[in-house]
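Here is a short tour for someone new to this structure. Please look over the sequence and the 3D view before reading on.

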Amino acid sequence: MISSSTTTSAELTTVFADLHIHIGRTGRGEPVKISGSRDLTFAGIAKEAAKRKGIGLVGIIDCHAPGVQEDIDRCLEQGEMQELKEGGIAYQGTTILLGCELEIREPGMGPAHLLAYFPHLETIRGFTEWLKARMKNVGLSSQRVYAPAVTLQEEVYARGGMIIPAHIFTPHRSIYGSCAPRMSDVLDLSLISAVELGLSADTEMAGLISELDPFPILTNSDAHSLGKIGREYNELRLKEASYLEFVKALRREEGRLVAGNYGLNPRLGKYHRTYCSNCNYIIDEVEANVERCPYCGSPKLVRGVLDRIRSIADRSEPNVPPYRPPYHYQVPLEFIPGLGPAKLELLLDRFDTEMNILHHVPEEELAEAVGADLAKLIGMARSGRLELSAGGGGIYGKVKRT
């Protein structure tokens with residue numbers, strides 16, 4: 001098996017990281033993320049990331065839940081996992097970062113989700129005690145915190161944690177999509193470590209908003225099932241996979257950095273273009289008027305990410321800071337037409353992990369396993385040559401058959 005971390009220099013290695021994965025149920029079957037799959041348990045995510053996906057750093061963002069903390073205790077007591085001094089939980093070459101997703105709602109504004117990460121189990125356990133007095137049900141995911149947003153930020157950083165606004169452009173529960181035209185209207189920008197794009201935006205689109213310039217960009221899956229882990233991910237340059245090394249990467253310290261973002265082409269995202277909920281039409285015209293549906297005239301629209309960014313942009317052309325890494329358009333294997341579960345298993349049996357299939361295996365070897373047509377599509381996905389139809393209104397875009 002090829003390791004999820006490959007040596008790139010005497011000191012640093014390349015680590016693939018997906019830092020937004022939900023817990024569906026605890027080991028006792030208690031719900032955490034109501035819409036999450038039942039097999040999204042703490043141990044199940046660790047095994048999927050390490051053995052099938054080939055991801056070296058994963059962020060599980062429901063670790064504030066007491067039931068999840070019991071599961072973590074059990075994994076540590078059984079000896080199958082170990083807590084790292086530098087932060088994180090180690091399992092078979094993969095490190096798990098302990099996080100939570102929290103909802104804020106300032107007076108007169110819509111809701112937005114923030115990701116918070118902490119170095120150690122005891123640290124996040126203490127944060128759970130703080131949340132209990134400010135949350136209706138601390139055992140569930142993505143719940144509203146009844147405290148000012150800046151107070152929440154200060155509390156997280158005082159405990160050695162970090163804040164990363166989640167899926168910042170999506171029309172539901174995000175800083176720009178549903179809360180405010182500027183992040184600074186809601187949050188203390190000095191208490192933000194990075195931002196997460198979400199599935200319907202890329203680096204160039206973020207470059208239309210100047211206040212984002214100082215922040216590293218992350219591309220994560222927001223997985224609600226095991227199969228969705230790694231549909232978006234990051235390439236990090238680290239000495240080892242740990243919380244402390246992740247902090248250094250976000251700060252670009254001692255050579256550590258975010259070396260690449262691998263995200264869906266925005267056209268594949270569920271909220272890329274504006275969607276008419278009256279006639280189910282995705283408004284994909286280049287210069288469409290998004291006040292009314294051009295097909296039926298209805299004003300019942302779900303504003304798409306691209307159209308929202310255009311409406312709040314303070315630049316006419318994107319400016320991508322020079323420190324930002326390349327943004328690679330990633331088409332997940334599940335989007336490849338004709339690549340069903342049986343053929344995916346053939347590939348995994350032969351090449352071990354999805355990261356190997358997506359990045360390392362030559363096209364001719366893929367063809368030996370699943371045929372020339374599928375191998376060609378995977379090769380076209382790598383090089384960004386696939387033709388796509390746009391998504392919107394909660395419906396994913398699609399790869400067009402050639």
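## Strand β8 and its partner

Which residues of strand β8 (residues 162–165) point one way, and which the other way? Met162 and Ile164 share one direction. Ile163 and Pro165 point the other way. All of them are buried. This is a predicted model, and the values in this report are computed from it.

Strand β8 pairs with strand β7 (residues 112–118). The sense is antiparallel, and four bridges join the two strands. Ile163 of β8 is the bridge partner of Ala116.

## The chain as a whole

The protein chain has twelve helices and 17 strands. Its radius of gyration is 21 Å, close to the 21 Å that the globule rule gives for 402 residues, so the chain is as compact as a globular protein of that length. The C-alpha trace spans about 60 × 60 × 45 Å along its principal axes.

Of the 402 residues, 58% are buried. The chain exposes about 16100 Å². Carbon and sulfur atoms supply 48% of that area. Contacts also link distant parts of the sequence: among those with a separation of 6 or more, 68% join residues 24 or more positions apart.

## Two nonpolar cores

In soluble globular proteins, nonpolar side chains tend to be buried together. Here the largest nonpolar core has 101 residues. Phe42 and Phe169 have the most contacts inside it. Helix α12 (residues 372–382) gives the largest share of this core, six residues. Another core lies apart from it, with 22 residues. Its members include Ile61, Ala241, Tyr243 and Val247.

What does Phe169 touch beyond its neighbours within four places in sequence? The list includes Ser174, Tyr176 and Gly177. Leu197, Ala201, Ala206, Ile209 and Leu212 are also in contact with Phe169. So are Val305 and Ile309.

## Ser174, a buried serine

Ser174 sits in the loop between β8 and α5 (175–179). Is Ser174 buried or exposed? Its relative accessibility is 0%, so Ser174 counts as buried.

The Ser174 side chain has polar partners on the backbone. It reaches the backbone oxygen of Ile168 at 3.2 Å. A polar atom of the Ser174 side chain also lies 2.9 Å from the backbone nitrogen of Gly177. Leaving out residues up to four places away in sequence, Ser174 touches Pro111, Ala112 and His113, among others. Ala166, His167, Ile168, Phe169 and Cys179 are also on that list. Ala112 belongs to the residue range of strand β7, residues 112–118.

## Ser298, a second buried serine

Ser298 is in the loop between β13 (275–276) and β14 (301–302). Ser298 counts as buried because its relative accessibility is 8%, and the cut-off for buried is under 20%.

Which residues does Ser298 contact, leaving aside neighbours within four places in sequence? They are Cys276, Asn278, Arg292 and Cys293. Ser298 and Cys276 are 22 residues apart in sequence, and their C-alpha atoms are 7.3 Å apart in space. The side chain of Ser298 also reaches the backbone nitrogen of Lys300 at 3.0 Å.

## Helix α7 and the residue after it

Helix α7 is mostly covered, with seven of its nine residues buried. Which are they? They are Tyr243, Glu245, Phe246, Val247, Lys248, Ala249 and Leu250. Tyr243 and Val247 are also among the residues of the 22-residue core.

Arg252 follows α7. It lies in the loop between α7 (243–251) and β12 (257–263). With a relative accessible area of 41%, Arg252 is partly exposed.

## Two positive phi values

Most residues other than glycine have a negative phi. Arg252 has a positive phi of about 60 degrees although it is not a glycine. Gln92 also has a positive phi, near 45 degrees, and is a residue other than glycine.

Where is Gln92 found? Its place is the loop between β5 (89–91) and β6 (94–104). Gln92 has a relative accessible area of 54%, so it is exposed.

Definitions and conventions: Residues are numbered from 1 along each chain as its sequence is written. This is a predicted model: local features need pLDDT of at least 70, side-chain atom pairs count only at pLDDT 80 or more; totals for chains, interfaces and linings use all residues. Side-chain values use heavy atoms; hydrogens and water are left out. Buried means under 20% relative accessible area, exposed over 50%, partly exposed in between (1.4 Å probe, protein chains only). Two strands pair if DSSP finds at least two bridges between them. A nonpolar core is a set of buried Ala, Val, Leu, Ile, Met, Phe, Trp, Tyr and Cys residues joined through side-chain atoms within 4.5 Å. Contact means heavy atoms within 4.5 Å. A polar contact is a pair of N or O atoms within 3.5 Å; within protein, one must be able to donate a hydrogen and the other to accept it, and residues adjacent in sequence count only if both atoms are side-chain atoms. The radius of gyration is taken over C-alpha atoms; the globule rule is 2.2 Å times the number of residues to the power 0.38. Accessible areas come from the Shrake-Rupley method with a 1.4 Å probe; for residues, only the protein chains shown count as cover.
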